[in-house]
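Subject: Structure handover

Hello,

Please find the structure below. My notes on it follow, grouped by region.

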Amino acid sequence: MKTSLVAMIALVWSFTLNAESIFHAPKTFKAAEGQVVFIDIKTADYSVTYDPKTKKVMAQSILVFETKETGMVAFDLVENPTSMSLDGEAISSKVISSPDKDTWFRIALKNTTPGLHKLEISSPITQSVSFGSEGVSSAFWFTDLGDRSYLEAYLPANFEFDQYQITLNLDFKTMNKQKIYTNGKVTTLENNRYRIEFPETYTSSSLYFHTAWAGRYNEKSFVFKSLDGRELPAIVYTGDKSLNLESIKTKITQSLDALETKYGPFLHQSVTVFIAGSGGMEYCGATMTDVWALNHELTHSYFARGGFMPANGNSGWIDEAITTWSDTGASTLENPNNIRSNMAGNSEYRRYTHIDAYTQGKNFMAYLNYKYQASGGLSAFLNQLISSESFRPMTTEEFVGKMSDFYSEDLMPLFKKHTYSGKSVQGTPGEHPIHMKMTIQEMRSLL
């Protein structure tokens with residue numbers, strides 16, 4: 001973890017994909033503490049230690065980031081840090097609200113000038129961790145229907161607009177052998193230590209991490225043969241010993257085959273499915289789900305975690321609307337007059353998805369499919385979007401611009417009427433059977 005800033009800067013220069021991330025950041029604003037500025041994280045290096053003696057988990061994090069303005073930098077971490085330093089100087093932090101009080105997040109209490117900087121943080125991880133006689137179970141469970149519910153619930157991270165290289169170093173001390181389930185590249189080190197490297201296309205909502213002692217779950221590994229000839233490693237696992245994993249493997253393969261026929265080759269390098277029997281959430285090439293919601297969650301690997309990636313809460317409705325529309329038969333709707341929602345027009349600081357996406361949003365996609373059926377329907381545009389814009393965070397306005405160009409028609413007035421309608425007020429996160437929010441106790445029960 002003692003990496004010099006000079007070395008980190010040299011590494012940062014090799015990354016160019018996320019150079020445009022900062023343009024999706026919310027506006028700088030003045031708070032009681034001073035000017036608050038948003039950052040572009042370049043690399044995040046996390047070292048997490050699981051100690052069975054104390055039954056505690058501690059994380060040491062290094063974020064190398066760039067800021068364009070002078071001010072106190074905004075990031076997020078739900079857990080209270082035990083120590084922090086910025087460019088080697090000890091500092092403190094504070095949780096504040098956005099100007100409209102739509103969300104809360106953390107700021108570093110030190111003015112920072114434009115340029116590259118290094119933020120180091122020590123913090124505990126207390127959520128979704130369970131120690132037992134055979135080892136530890138731990139997971140980073142996310143939800144898109146709650147505020148501050150992505151990676152920031154466990155480790156210091158940025159808002160969803162930002163893409164950056166993530167490395168997760170794990171040390172389980174003297175425990176029995178651990179099993180790692182993830183959508184990153186795992187390297188097994190000595191003495192029950194592991195390193196997981198995630199693609200630089202990932203955001204705070206992308207990565208999947210779950211660990212348990214070896215033998216905790218029934219699992220089945222297999223190979224999925226993609227449309228483009230790749231042989232992708234795949235795994236399905238569950239704690240429900242009554243489930244037939246061979247049958248679920250067949251369902252996964254059938255679902256992926258159908259999705260590839262619709263939207264092209266799978267966008268990820270592996271497939272990970274946890275049949276939890278509860279909740280349900282998508283990650284890049286991975287999901288925690290129930291069998292009945294399997295196709296919905298895998299579809300999200302094209303929409304939300306791949307071909308379309310929301311840049312903020314005001315664009316999160318799009319992937320849920322498309323996925324629900326696609327998963328329920330890709331229908332058409334002739335009359336959109338009953339579609340009225342403010343899915344896209346809330347606070348620019350909004351970080352969760354509007355619940356209307358599953359109903360009003362789905363119906364709006366069905367209407368677009370009807371409106372452009374002579375031009376190949378909605379799927380024609382979606383295929384073009386996937387082929388040209390995969391792994392690029394996007395706002396609703398950018399999505400509308402892409403669609404307007406594709407169909408040669410200005411569609412913003414139509415979107416304004418149906419997805420920006422009503423007052424823009426502070427909302428309350430909703431809940432849906434496919435993406436149920438889980439209590440801390442429910443999350444722990446899945447470990």
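Two strands are said to pair if DSSP finds at least two bridges between them. The model is a predicted one, and everything below should be read with that in mind.

Sheets

By that rule, five strands make up an open sheet with mixed pairing, in the order 1-2-5-9-8. The edges are taken by strand 1 (29-31) and strand 8 (93-97), each of which has a single partner strand, so one side of each is left without a neighbour in the sheet. On average, neighbouring strands of this sheet are turned by 40 degrees against each other, direction ignored. Inside the order, strand 2 (residues 34-38) and strand 5 (residues 72-75) run parallel and are joined by three bridges. One residue pair to look up here is Phe38 with its bridge partner Ala74 in strand 5.

Another open sheet has four strands in the order 11-12-17-14, and its pairing is antiparallel. Strand 11 (129-132) and strand 14 (178-182) are at its edges with a single partner strand each, so one side of each has no neighbour in the sheet. From one strand to the next the twist averages 15 degrees. Four bridges hold the antiparallel pair of strand 11 and strand 12 (residues 135-139). Phe131 has Val136 of strand 12 as its bridge partner.

Strand 16

Strand 16 (residues 193-198) has two faces: Tyr194, Ile196 and Phe198 are on the covered one, while Arg193, Arg195 and Glu197 are on the uncovered one. Its pairing with strand 13 (residues 165-171) is antiparallel, over six bridges. Tyr194 of the covered face is the bridge partner of Leu170. Strand 16 also pairs with strand 15 (residues 185-188), again in the antiparallel sense, over four bridges. Here Ile196 has Val186 opposite. The hairpin of strand 15 and strand 16 has four residues between the strands, and Asn191 in this hairpin takes a positive phi near 60 degrees.

Positive phi in loops

Most residues other than glycine have a negative phi. Lys55 departs from this, with a positive phi near 55 degrees. Lys55 sits in the loop between strand 3 (40-51) and strand 4 (56-67). With a relative accessible area of 55%, Lys55 counts as exposed, because the cut-off for that is over 50%. Lys101 is not a glycine either, and has a positive phi of about 60 degrees. Its place is the loop between strand 8 and strand 9 (104-108).

Helix 6

Helix 6 (residues 377-389) has 13 residues and, at 1.5 Å a residue, should span 18 Å; the end C-alpha atoms are 19 Å apart, which agrees. Its buried residues are Gly377, Leu378, Phe381, Leu382, Leu385, Ile386 and Glu389. An α-helix has 3.6 residues a turn, so residues three or four places apart point the same way. The buried residues of helix 6 pack against helix 2 (245-263), helix 4 (316-327), helix 5 (360-371), strand 24 (393-394) and helix 7 (396-407). Just after helix 6 comes Phe391, with a positive phi of about 65 degrees.

Phe308 and Ser315

Is Phe308 buried or exposed? Phe308 is buried, with a relative accessible area of 0%. This residue lies in the loop between helix 3 (294-299) and strand 23 (309-310). Not counting residues up to four places away in sequence, Phe308 touches Tyr302, Phe303, Ser315, Ile318, Asp319, Leu385, Met394 and Phe399. Among these contacts, Leu385 is one of the buried residues of helix 6. The C-alpha atoms of Phe308 and Thr395 are separated by 9.9 Å, and the two residues are 87 residues apart along the chain.

Ser315 is in the loop between strand 23 and helix 4. Ser315 is also buried, at 0% relative accessibility. Leaving aside neighbours within four places in sequence, the contacts of Ser315 are Phe308, Pro310, Met394, Thr395 and Thr396.

Cavity

How many cavities of 30 Å³ or more are there? The count comes to one. The largest cavity holds about 60 Å³ of space. Its lining has 14 residues, and those nearest its centre are Asp144, Tyr150, Pro310, Gly316 and Thr353. Pro310 is also one of the contacts of Ser315.

Regards

Notes
Residues numbered from 1 in each chain as written. Predicted model: local features only at pLDDT ≥ 70, side-chain atom pairs only at ≥ 80, totals over all residues. Heavy atoms only, no water. Expected span 1.5 Å × (residues − 1). Buried < 20%, exposed > 50% of the residue type's maximum accessible area, 1.4 Å probe, protein only. Contact = heavy atoms within 4.5 Å. Axes fitted to C-alpha atoms, helices over the stretch in contact; angles between N-to-C directions. 1 Å grid on protein atoms, 1.4 Å probe; cavity = no way out; pocket = protein on both sides within 12 Å on 5 of 7 lines; lining within 4 Å. Points joined across faces, edges and corners; volume = space filled by probe spheres on them.
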